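Trainee: Could you take me closely through the sheet in this model, strand by strand, and then through what packs against it?

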Amino acid sequence: PTGFELVMQYGMPTFVVPLAVFPEGYLQREDEPLPFVSLGAQKNHLAIYHMGIIGNPPLLTWFQEEYAKQVPTKLNMGKSCIRLTNPKNIPYTLIGELMEKMTVEEWIERYTHYQEKSGNRK
């Protein structure tokens with residue numbers, strides 16, 4: 001996604017908000033960039049951990065509806081984890097669209113709003 005940086009974080013390729021853009025860092029750790037999307041290869045599935053989809057009902061609804069239209073299998077998803085169990089049914093174009101639906105600025109705004117709301121921000 002535009003504006004995010006690809007790094008290894010938590011043992012996975014992760015698109016993060018660069019510290020140069022958001023120096024406060026993830027959970028106020030000034031040495032840890034704010035994660036946005038991580039990609040993981042688990043034992044029985046590929047996982048996309050999309051942090052921006054949490055607490056964003058319009059984005060979540062859009063993704064669920066588009067997934068149902070494009071993929072013959074049921075969506076297997078947690079709060080932020082999209083589990084892809086059949087490599088033949090990976091909706092690459094849809095995932096690409098999902099990655100572009102939120103800008104760096106929108107993600108920072110949502111993240112800081114949540115942190116303030118939960119009392120976790122200085």
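Mentor: In this predicted model, the sheet is an open one of 6 strands in the order E1-E2-E3-E4-E6-E5, with antiparallel pairing. Strand E1 (5-9) and strand E5 (76-77) stand at the edges, and because each has a single partner strand, one side of each is left without a neighbour in the sheet.

Starting from the E1 edge, this strand is joined to E2 (residues 12-17) by 5 bridges, the two running antiparallel, and Gln 9 has Met 12 in E2 as its bridge partner. Towards the other edge, strand E4 (residues 46-50) pairs with E6 in the antiparallel sense over 4 bridges, with Leu 46 standing opposite Leu 84 in E6. E6 also pairs with E5, again in the antiparallel sense, over 2 bridges; here Asn 76 stands opposite Arg 83, and the two strands form a hairpin with 3 residues between them.

As for what packs against the sheet, helix H3 (residues 104-117) lies across E2 and strand E3 (34-41), running at about 100° to E3. The largest nonpolar core has 28 residues, and those with the most contacts inside it are Val 17, Leu 34, Phe 63, Leu 98 and Trp 107. Two or more residues of this core come from each of E2, E3, helix H1 (57-70), strand E6 (81-84), helix H2 (92-100) and H3. Leu 34 repays a closer look: leaving aside its neighbours within four places in sequence, Leu 34 is in contact with Val 16, Val 17, Phe 22, Tyr 26, Trp 107, Ile 108 and Tyr 111.

Note on methods: Residues numbered from 1 in each chain as written. Predicted model: local features only at pLDDT ≥ 70, side-chain atom pairs only at ≥ 80, totals over all residues. Heavy atoms only, no water. Pairing = 2+ DSSP bridges. Contact = heavy atoms within 4.5 Å. Axes fitted to C-alpha atoms, helices over the stretch in contact; angles between N-to-C directions. Core = buried A, V, L, I, M, F, W, Y, C linked by side-chain atoms within 4.5 Å. Buried < 20%, exposed > 50% of the residue type's maximum accessible area, 1.4 Å probe, protein only.
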